Amino acid sequence: MYDVVVAGGSISGLLAAREIAKNGYSVLVLEEGFEVGSPEHCGGLVSKNALKELGIEPSQKTFDSEIERAKIFSPGGKEITINSEKQKIIVINRRELDKQAARQARDNGAEISVKTSFQEKIKNGVKTSNGNLECKFFVDCRGVSRLVNKDRNGILLTAQYEVYADWIKKGQVEVYFDQEKYPEFFAWIIPSGEGVGKIGVSGKGINTITKMDEFLKSKGDFSTIRKIFAPIWIKGPIKNFVENNTIIVGDAAGQAKPTTAGGIFSCGMAGVMAGNAISEALEKNDSSLLMNYEKRWKEKFGKEFEKQNLARKILARLDNDTVNKLFNSITPEIEEDISNKEDFDFHTSSILRLLGMKGSFNTMQALIGGEIKRLVQSKA
Ligand SMILES: Cc1cc2nc3c(=O)[nH]c(=O)nc-3n(C[C@H](O)[C@H](O)[C@H](O)COP(=O)(O)OP(=O)(O)OC[C@H]3O[C@@H](n4cnc5c(N)ncnc54)[C@H](O)[C@@H]3O)c2cc1C
C-alpha cells in the first residue's frame with residue numbers, strides 16, 4: 001500500500017515523487033524502461049533559471065555546454081543571429097539530468113522500480129507488470145505516449161540523430177525554417193560540444209528519415225552515432241489535469257511548449273506542483289485540493305502557452321514566400337532587441353517582435369491580420 005504510485009520515471013514523475021516523499025508520504029515510481037533516463041530523446045536545451053526553479057543544480061556529468069547564440073535560417077537562406085548570452089541557456093545531458101532527479105527523489109524517501117510498467121487502473125490501486133498495488137492517488141507521467149492514443153492531431157514525428165561533424169559549432173544552436181521540407185515545424189542543430197551535437201527534423205506529414213538524410217547531406221561530412229525517433233505534442237495542455245484520483249502530469253498532459261515542444265521546465269514544474277498539491281490533499285484528506293496543481297500550473301504557464309499555440313498556428317499558415325519576406329524585414333535593431341531579452345522560457349514576446357513589429361508588420365497584417373491582432377491583444 002502506497003500513498004501514491006507514479007507511472008513514468010522521467011523528469012515530471014521523478015520531481016513529483018521527490019516532493020511527495022519530501023512531505024513525508026510513501027511513493028513508488030514505476031519506469032517501464034531498463035534504466036532511468038534511457039532511451040534519451042531530448043535535445044537537452046534548458047535555461048539555468050529553469051533548472052534552479054526545478055531545484056536541480058547540474059552536476060559535472062549533467063552539464064554539456066553553454067549556448068552563446070542562435071542562428072535562424074529562412075527557406076531562402078537569409079540568416080538572423082540572436083545573441084543568447086543573457087538567456088543563460090545550457091545543453092544538458094538528459095540521461096544524467098533524469099538520474100539526478102531520481103537521486104533526489106530517492107534521497108527524500110521515494111522508491112523507484114525500473115523495468116516495471118503500469119498497465120491499468122483498478123479499484124483502490126493499479127495493475128503493473130509485477131502485480132497489483134494499492135494506492136490512494138495515481139500520477140500519470142507516461143509522456144506523449146499517453147496522448148498518441150487519445151488524439152493524433154497534435155502529434156508530430158521527430159527524428160533526432162547524434163552526430164559528429166566539423167560544421168557543428170560549440171555554443172551555436174541553429175534553426176532552419178522551410179514550410180515545404182518541414183511543414184509547421186523546423187530542423188535544428190543543438191551542439192553538445194565542438195563538432196558533436198544533436199540534429200533534428202520534424203514537420204507535419206513528412207518522412208523524417210528522408211528529410212534528415214537530405215538535411216545532413218546538405219551540411220557536409222558527418223558520422224551518425226545514434227538515431228532516435230520520437231513523437232512530440234504541439235497542441236498545448238489538455239483540458240483537465242485531474243480525473244478523479246488520477247493526476248496527469250508532464251508531456252502526458254500536453255505541457256511542453258507548443259512552439260518548440262521543449263518541456264523540461266514546464267513538465268518538471270508540473271511535477272513539482274502536482275507533488276505539492278497531492279501532499280496537501282493527503283495531509284487534509286481532501287481530494288479537492290488536487291485542483292491546486294492545475295490552478296498553479298495554468299497561472300504560471302497558461303497564458304504563455306495559449307499565445308505560443310496561436311503563434312504556431314500562424315506559422316502553419318505561412319508559405320515559404322511569406323516566411324522569406326518576414327525574414328527580409330527583420331532589421332539588426334530587432335535582432336539586438338531580442339538578444340537583450342531574457343525570456344527563453346516565456347518567449348512569445350520575442351516571436352511577436354519577429355512577427356509583428358517594424359517592417360514585417362504590414363506584410364503580416366495584410367496576410368493574416370486577424371490572427372496577428374489576437375496575438376498582440378492577448379499580450380495584455
Ligand atoms: C526529439 C526531442 C527533442 C527534445 N528536446 C528538448 C529540449 O531541447 N529541451 C526541452 O526542454 N525539452 C525537449 N524535449 C521535450 C522533453 O523531452 C519532454 O517535454 C520531457 O521529457 C517531458 O518529460 P515527462 O517526464 O513528462 O515525460 P517523458 O520524458 O516522455 O517520460 C515518460 C516516461 O514514462 C515512461 N513510461 C511510459 N509508459 C509507461 C508505463 N506504462 N509504465 C511505466 N513507465 C512508462 C517512459 O519510459 C518515460 O521514461 C524534446 C523532445 C523530443 C522528442
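Start with the buried residues of helix 5, which pack against strand 12 (155-164), strand 13 (172-176), strand 14 (187-193), strand 15 (196-202) and strand 16 (223-233). Keep in mind throughout that the model is predicted.

**Stop 1: helix 5**

Select residues 208-219, the 12 residues of helix 5. From first C-alpha to last, helix 5 reaches 17 Å, close to the 16 Å expected at 1.5 Å a residue.

Now colour by burial. Which residues of helix 5 are buried? They are Thr208, Lys211, Met212, Phe215 and Leu216. These residues cover an arc of only 130° around the axis, so they sit on the same side of helix 5. The general rule behind such a pattern: an α-helix has 3.6 residues a turn, so residues three or four places apart point the same way. Turn to the other side of helix 5, and Lys217 and Ser218 are exposed.

Next, check the two ends. Select Asn207 and Ile209. Asn207 caps the N-terminal end of helix 5, with a side-chain oxygen 3.0 Å from the backbone nitrogen of Ile209. Then move to Gly220, just after helix 5. Gly220 takes a positive phi of about 125°.

**Stop 2: helix 6**

Select helix 6, residues 264-284. Its 21 residues should span 30 Å at 1.5 Å a residue, and its end C-alpha atoms are indeed 30 Å apart. Show a surface next. Helix 6 is mostly covered, with 17 of its 21 residues buried. Just after helix 6, pick Asn285, which takes a positive phi of about 55°.

**Stop 3: the aromatic rings**

Show the aromatic side chains. How many aromatic pairs are there? The count comes to 15. Zoom in on one of them, Phe265 with Phe301. This pair is edge-to-face, at 5.4 Å centre to centre and 75° between the planes. Phe265 lies in helix 6 and Phe301 in helix 7 (residues 291-317), so the pair ties together parts that are 36 residues apart in sequence. Are Phe265 and Phe301 buried or exposed? Both are buried.

Widen the selection to Phe241, Phe265, Tyr293, Trp297, Phe301 and Phe305. Ring pairs link these residues into a cluster.

**Stop 4: charges over rings**

Stay with Phe241 and add Lys298. The charged end of Lys298 sits over the ring of Phe241, 4.8 Å from its centre. For another example, select Lys115 and Phe34. Lys115 lies over the face of Phe34, at 4.8 Å from the ring centre.

**Stop 5: Asn320**

Select Asn320 in helix 8 (residues 320-328). Asn320 has a relative accessible area of 11%, under the 20% cut-off, so the residue counts as buried. What does Asn320 touch, not counting residues up to four places away in sequence? Show Pro75, Asp178, Gln179 and Glu180. With one of these, Asp178, there is a polar contact of 3.0 Å between the side chains.

**Stop 6: Ser38**

Finish at Ser38, in the loop between strand 2 (27-31) and strand 3 (45-47). Is Ser38 buried or exposed? Ser38 is buried, because its relative accessible area of 19% falls under 20%. Add Arg95 to the view. The side chains of Ser38 and Arg95 make a polar contact of 3.5 Å.

Methods. Residues numbered from 1 in each chain as written. Predicted model: local features only at pLDDT ≥ 70, side-chain atom pairs only at ≥ 80, totals over all residues. Heavy atoms only, no water. Helix = DSSP H or I, 4+ residues; strand = E, 2+ residues; numbered from the N terminus. Expected span 1.5 Å × (residues − 1). Buried < 20%, exposed > 50% of the residue type's maximum accessible area, 1.4 Å probe, protein only. Arc of directions from axis to C-beta. Contact = heavy atoms within 4.5 Å. Polar contact = N/O pair within 3.5 Å; in protein donor to acceptor, adjacent residues only side chain to side chain. Phe/Tyr/Trp six-rings, centres within 6.5 Å; stacked < 30°, edge-to-face > 60°. Lys NZ or Arg CZ within 6 Å of the ring centre and 35° of its normal.
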